[in-house]
Amino acid sequence: MRTIFILVSLVSIASYSQKKMITPPYLQKGDTIAIVSTARKNIEDNLKPTIDLLEGWGLNVKLGKTIGLDYYQLAGTDDQRAADFQEQMDNPNIKAIWCVRGGYGTVKIIDKLDFTKFKQNPKWIIGFSDVTVLHSHLNRMGIESIHGTMPVAIARATDEAKNSLCAALFGDKLDYKLECDALNHLGKAKGELVGGNLSILYSLLGSESAIDCTDKILFIEDLDEYLYHVDRMMMNLKRNGCLGGLKGIIVGAMTEMKDNDIPWGRNALEIIEDAVKGLNIPIIYNFPAGHIRDNRSLIFGRQISMEVTAEQSKVVFE
């Protein structure tokens, strides 16, 4: 019986890591996209550039009830933020939900959400940083999502960042060619792209929202962390088996890192490199995604191919 149980468990794990992901319907002109806050409040009058952009793409915009709510750091209470997100998920006229900003707070509402109707009629969830909670939770449900710039950043976002989001939403070709970084590990890989903000991924380990990294390509980025925290998080991922089974790694921007009075002795990329050394997989460093103006969109849950040579790096979404 013990042998049978182990075999069933292994089959279950394998089937999860190889499951076919669901792609939400791509947007069409005339569709409506909702802008909500799952975390930090947005009380400034700062969304005109975003609304103009979306209307220029032929989309309609609906502002959620959390836009403008002021509850200390958050955009309303946990119940208010959950209710707003639930309303947009269940509304058949809403074809995509764009989180207005990150910060902290999405994890406080994730267990309040009912995804029953969403699973039957999935739609694109868009954002990054704290929105990694949603990306990871959706990945466990087998549904793709978009890691990309957010409404509060549109006024300063690069054309490349905005154009890549448009391509992801409307189903246009999405691929990237980059100059080779000195830290890169050469090689080729194909696999499902998962990941997001390193701090959030670290915080989700052991929960129902934790991603399975087996045979995946992992993307990570972060902002405003102490360097020894980065080391702690990478060691946690390593000891939890999240690195050893990867097919590839893409490291985005590690922005505005902090150090103590007594220096840690390595920068963020060197810390990551130390944690992944010995892995015989391709690795891209300084990919243009994360807390930067040039925050290119990525489709989590999508199969990608990556090729890293001494001349350039290529990432192609299937």
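**Close-up 1. Thr106 and the residues around it in the predicted model.** Beyond its neighbours within four places in sequence, Thr106 is in contact with Thr38, Ala39, Asp130, Val133 and Leu134. Thr106 itself belongs to the loop between β3 (94-99) and α4 (116-120). Loop or not, Thr106 is buried, with a relative accessible area of 1%.

**Close-up 2. Helices α8 and α9 meet.** Two packed helices are described by the angle between their axes and the distance between the axes. Here the axes of α8 (residues 227-239) and α9 (residues 268-276) come within 9 Å and cross at roughly 20 degrees. That angle is under 35 degrees, so α8 and α9 are roughly parallel to each other. The crossing of α8 past α9 is right-handed. On the α8 side, look for Leu227, Val230, Asp231, Met234 and Lys238; they meet Ala268, Ile271, Ile272, Ala275 and Val276 on the α9 side. Sorted by type, the residues of this contact come out as eight nonpolar, two charged and no polar.

**Close-up 3. Asp274, also in α9.** Asp274 sits in helix α9. With 29% relative accessibility, Asp274 counts as partly exposed. For a sense of scale, take Asp274 and Ile22: they are 252 residues apart in sequence, and their C-alpha atoms are 35 Å apart in space.

**Close-up 4. Tyr176 and Phe287, ring against ring.** A pair of aromatic rings is described by the distance of the centres and the angle of the planes. Searching the whole structure turns up seven aromatic pairs, and this view shows one of them, Tyr176 with Phe287. The ring centres of Tyr176 and Phe287 are 5.4 Å apart and the planes stand at 90 degrees, so the pair is edge-to-face. The two partners come from distant parts of the chain, 111 residues apart: Tyr176 is in strand β6 (residues 175-179), while Phe287 is in the loop between β10 (283-284) and β11 (298-300). Both Tyr176 and Phe287 are buried.

**Close-up 5. Tyr228 and Trp264, a tilted pair.** The rings of Tyr228 and Trp264 lie 6.5 Å centre to centre, with 45 degrees between the planes. This pair, too, links distant parts of the chain, with Tyr228 in helix α8 and Trp264 in the loop between β9 (248-255) and α9, 36 residues apart. Tyr228 counts as partly exposed at 30% relative accessibility, and Trp264 counts as partly exposed at 36%. Add Tyr226 to the view and you have a cluster: ring pairs link Tyr226, Tyr228 and Trp264.

**Close-up 6. Val315 and its contacts.** Val315 is part of strand β13 (residues 312-317). Its relative accessibility is 1%, so Val315 counts as buried. Not counting residues up to four places away in sequence, Val315 touches Leu174, Asp175, Tyr176, Ile250, Ile284, Phe287, Ile304, Ser305 and Met306. Tyr176 and Phe287 in that list will be familiar as the edge-to-face pair. Lys119 lies elsewhere: 196 residues separate Val315 and Lys119 along the chain, and their C-alpha atoms are separated by 29 Å.

**Close-up 7. Ala189 in strand β7.** Strand β7 spans residues 187-197, and Ala189 has its place there. Ala189 counts as buried, at 11% relative accessibility. Leaving out residues up to four places away in sequence, Ala189 touches Ile217, Lys247, Pro282, Ile304, Ser305 and Met306. Ile304, Ser305 and Met306 also appear among the contacts of Val315. Between Ala189 and Phe115, which are 74 residues apart along the chain, the C-alpha separation is 32 Å.

**Close-up 8. Positive phi at Glu256 and Asn286.** Neither residue here is a glycine, yet phi is positive: near 55 degrees for Glu256 and near 60 degrees for Asn286. Glu256 is found in the loop between β9 and α9, which is also the loop that holds Trp264. Asn286 has its place in the loop between β10 and β11, and Phe287 is in that loop as well. As for accessibility, Glu256 counts as exposed at 57%, whereas Asn286 counts as partly exposed at 43%.

Conventions. Residues numbered from 1 in each chain as written. Predicted model: local features only at pLDDT ≥ 70, side-chain atom pairs only at ≥ 80, totals over all residues. Heavy atoms only, no water. Axes fitted to C-alpha atoms, helices over the stretch in contact; angles between N-to-C directions. Helix = DSSP H or I, 4+ residues; strand = E, 2+ residues; numbered from the N terminus. Parallel < 35°, antiparallel > 145°, perpendicular 65-115°, else oblique. Left-handed = near helix turned anticlockwise from the far one by under 90°. Contact = heavy atoms within 4.5 Å. Nonpolar A, V, L, I, M, F, W, Y, C, P; charged D, E, K, R; others polar. Phe/Tyr/Trp six-rings, centres within 6.5 Å; stacked < 30°, edge-to-face > 60°. Buried < 20%, exposed > 50% of the residue type's maximum accessible area, 1.4 Å probe, protein only.
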